[in-house]
Amino acid sequence: MEAENGKRGFFDRLKSGLAKTRKLLLTDVDDILLGSKEIDQALFDELEEALIVADVGPAFTAELIESLKEKVKRKELASPEVLKKVLRETMREILLRNEAPLPIPTDKTYTIMVVGVNGTGKTTTIGKLARNLKEEGRAVTLVAADTFRAAAIEQLEVWAKRANVPLIRRAANADPAAVVFDAIRAAKAGPPGVLIIDTAGRLHTKVNLMEELKKMKRIMGRELPGAPEVVLLVL
Ligand SMILES: Nc1nc2c(ncn2[C@@H]2O[C@H](COP(=O)(O)OP(=O)(O)OP(=O)(O)O)[C@@H](O)[C@H]2O)c(=O)[nH]1
Ligand SMILES: [Mg+2]
């Protein structure tokens, strides 16, 4: 939303940042690995530099390099070609190890608003999240605040059925803020639960759509102080 005050937009920076990471990871790491005959300190130095330049992050990079060196020591890695596969696996291992659950309190209603540009997997993520939370015994309600895209409500309804959770909806093209209002009102009337709000995909450059998001957020906060607790940006 920083685009509004004339700065380079958050989405723009994020998108170009991720594109850069992907491109650098794909090309530079490949070049380094394919260009090396053996695994030595020079190769690790080059790899470390490439990972940092690709914005992988210094702490994560250090952990990766350390872990790879361990594996070389244990002779699990014989040639630079297998290093790529192991690099990928090690990244995954470290990410899984650091995975932390969302601390969702049980004593109050918790709202998660899911936003992002078109087609990034918002609704799918909501479906999975709903199922996981439901399996953990949480009272989940899905909120169909994408009233804009054709069949978006029906798509969320399918996920709600799969997860066996209720869905709050209005007619297609209804004001999404009104759907959110209904959801908060229903949540306040019942026991604490988790509200997950699906929103229509939008580009940050569409001022009216960004205003619509702000309105939804404003209404949530007004009706339920602190809401939304989380705004999940799906990329
Ligand atoms: N490979 C892959 N495909 C995915 C993933 N998540 C969603 N998709 C697919 O991407 C497409 C769009 O997913 P949606 O969940 O509808 O995305 P959305 O952000 O809600 O889209 P809009 O509501 O139109 O903005 C669908 O075909 C999904 O099946 C994922 O994690 N991996
Ligand atoms: Mg969607």
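What radius of gyration does the protein chain have, and what would a compact globule of 235 residues have? The protein chain has 22 Å, against a value near 18 Å for the globule. The model is a predicted one. Along the principal axes, the C-alpha atoms fill a box of roughly 65 × 45 × 30 Å.

The domain assignment helps to read these dimensions. It gives domain 1 as residues 16-97 and domain 2 as residues 110-233. The C-alpha centres of domain 1 and domain 2 lie 38 Å apart. Across the protein chain, 41% of the 235 residues count as buried.

Next, follow the chain from its N terminus. There are eight helices and five strands. The order of elements is α-α-α-α-β-α-β-α-β-α-β-α-β. Four helices thus open the run, and from there strands and helices alternate until a strand ends it.

Now turn to ligand 1. Its surroundings include a run of residues from Asn118 through Gly119, Thr120, Gly121, Lys122 and Thr123 to Thr124. Asp146, Arg149, Gln155 and Gly201 are also part of the shell. Helix H5, residues 122-135, gives the largest share of this shell, with three residues. What is the chemical character of the shell around ligand 1? Eight of its residues are polar, three are charged and none is nonpolar.

Three side chains place polar atoms by oxygen atoms of the ligand. For Thr124, an N or O atom of the side chain is 2.4 Å from an oxygen atom of ligand 1. For Thr123, a polar side-chain atom lies 2.7 Å from a ligand oxygen atom. For Gln155, the distance from a side-chain N or O atom to an oxygen atom of ligand 1 is 2.9 Å. How much of ligand 1 does the protein cover? On its own, ligand 1 has 650 Å² of accessible area, and the protein covers 52% of that.

Some backbone details deserve a look. Most residues other than glycine have a negative phi, and most peptide bonds are trans. Three places in this model depart from that pattern.

Start with Ala151. Its phi is positive, at about 65°, although Ala151 is not a glycine. Ala151 sits in the loop between strand E2 (140-145) and helix H6 (152-163). Is Ala151 buried, partly exposed or exposed? Ala151 counts as partly exposed, because its relative accessibility is 49%.

Asn173 also has a positive phi, near 70°, and is likewise a residue other than glycine. Its loop runs between strand E3 (167-168) and helix H7 (176-189). Asn173 has 62% relative accessibility, so it counts as exposed.

The third place is a peptide bond. Ala227 and Pro228 are joined in cis, with omega about -5°. Where does Pro228 lie? Pro228 is in the loop between helix H8 (207-223) and strand E5 (230-233).

Helix H8 also holds Met220. Met220 counts as buried, because its relative accessibility is 0%. How far is Met220 from Arg185? In sequence, 35 residues separate Met220 and Arg185. In space, their C-alpha atoms are 9.8 Å apart.

Terms used. Residues numbered from 1 in each chain as written. Chains lettered and ligands numbered in written order. Predicted model: local features only at pLDDT ≥ 70, side-chain atom pairs only at ≥ 80, totals over all residues. Heavy atoms only, no water. Near = heavy atom within 4 Å. Polar contact = N/O pair within 3.5 Å; in protein donor to acceptor, adjacent residues only side chain to side chain. Areas by Shrake-Rupley, 256 points an atom, 1.4 Å probe, with all protein chains shown as cover. Helix = DSSP H or I, 4+ residues; strand = E, 2+ residues; numbered from the N terminus. Nonpolar A, V, L, I, M, F, W, Y, C, P; charged D, E, K, R; others polar. Domains from an automatic or database assignment. Rg over C-alpha atoms; globule rule 2.2 N^0.38 Å. Buried < 20%, exposed > 50% of the residue type's maximum accessible area, 1.4 Å probe, protein only.
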